[in-house]
Amino acid sequence: MEQELALPAVDDLDTGGHWQAARRHELAVRVCARCGRVLHMPKAYCHACGSWDTRWQVVAPVGRLYSWTTVLRQIHPAFPVPYTIVLVELAEAPAARLVGHLPGTPELSAGLPMVATFTDIGGISLPVWRPAQPGPVRPGPGTI
Ligand SMILES: [Zn+2]
């Protein structure tokens, strides 16, 4: 059976610029052109200064692990368990925390340096977060 893909909508008016940058294998966050605030979740309006003048800013695809959780019960065929959902705080835009997916149950710690690379799948490019220094992966429950 072919595995079903779970891909994001890349043509959304508020978030589309992030996916266009990803297509170039760049990581971009939306910022206010007037006050410089990072607008995350991305939106066309700055809640800090009221400006509608926003732009996409390319940032280094590095950050630190802010939080994570391991999923042991499968809820979607595209994500076989166990896997770990990570929340990465960007080094150049700490107000933005991006979600990533790691297979298995890697040994992680808060503040762990993370790096993103890009993978092309289904006609789009996705940032893929990984620990900058790969560590051991523990087998999940029920794994032999
Ligand atoms: Zn602003």
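Which residues of α1 are buried? In this predicted model, the buried residues of the helix are H18, A21 and A22. When α1 is viewed down its axis, these buried residues fall within an arc of 100 degrees, so they line one face of the helix. The elements that cover them include β1, β2 (54–59), β7 (113–121) and β8 (124–131). Just after α1, H25 adopts a positive phi of about 60 degrees.

The protein chain is divided into domain 1, spanning residues 9–59, and domain 2, spanning residues 60–144. The centres of the two domains, taken over C-alpha atoms, are separated by 22 Å. Domain 1 contributes 10 residues to the contact, and domain 2 contributes 13 residues. On the side of domain 1 that touches domain 2, α1 (16–23) and β1 (27–32) each supply at least two residues. The largest share of this side, three residues, comes from α1. By class, the side of domain 1 that touches domain 2 comprises seven nonpolar, two polar and one charged residues.

An open sheet of five strands is also present, with the order β5-β4-β3-β7-β8 and antiparallel pairing. Strands β5 and β8 stand at the edges, each with a single partner strand, so one side of each is left without a neighbour in the sheet. Direction ignored, neighbouring strands of this sheet are turned by 40 degrees against each other on average.

The pairing within the sheet can be followed strand by strand. Strand β3 (residues 62–71) pairs with strand β4 (residues 83–90) in the antiparallel sense over eight bridges, and R64 stands opposite E89 in β4. Strand β4 is in turn joined by seven bridges to strand β5 (residues 97–103), and these two strands run antiparallel. Here E89 stands opposite R97 in β5. E89 thus has R64 opposite it in one pairing and R97 opposite it in the other. Strands β4 and β5 form a hairpin, with six residues between them.

Towards the other edge of the sheet, β7 and β8 run antiparallel and are joined by eight bridges. In this pair, T119 stands opposite L126 in β8. The helix α1 packs on the sheet, where it touches β7 and β8, and its direction makes about 80 degrees with that of β8. These two strands are also among the elements that cover the buried residues of α1.

Note on methods. Residues numbered from 1 in each chain as written. Predicted model: local features only at pLDDT ≥ 70, side-chain atom pairs only at ≥ 80, totals over all residues. Domains from an automatic or database assignment. Contact = placed C-beta atoms within 7 Å. Helix = DSSP H or I, 4+ residues; strand = E, 2+ residues; numbered from the N terminus. Nonpolar A, V, L, I, M, F, W, Y, C, P; charged D, E, K, R; others polar. Pairing = 2+ DSSP bridges. Buried ≥ 20, exposed ≤ 12 C-beta atoms within 10 Å, placed from the backbone. Arc of directions from axis to C-beta. Axes fitted to C-alpha atoms, helices over the stretch in contact; angles between N-to-C directions.
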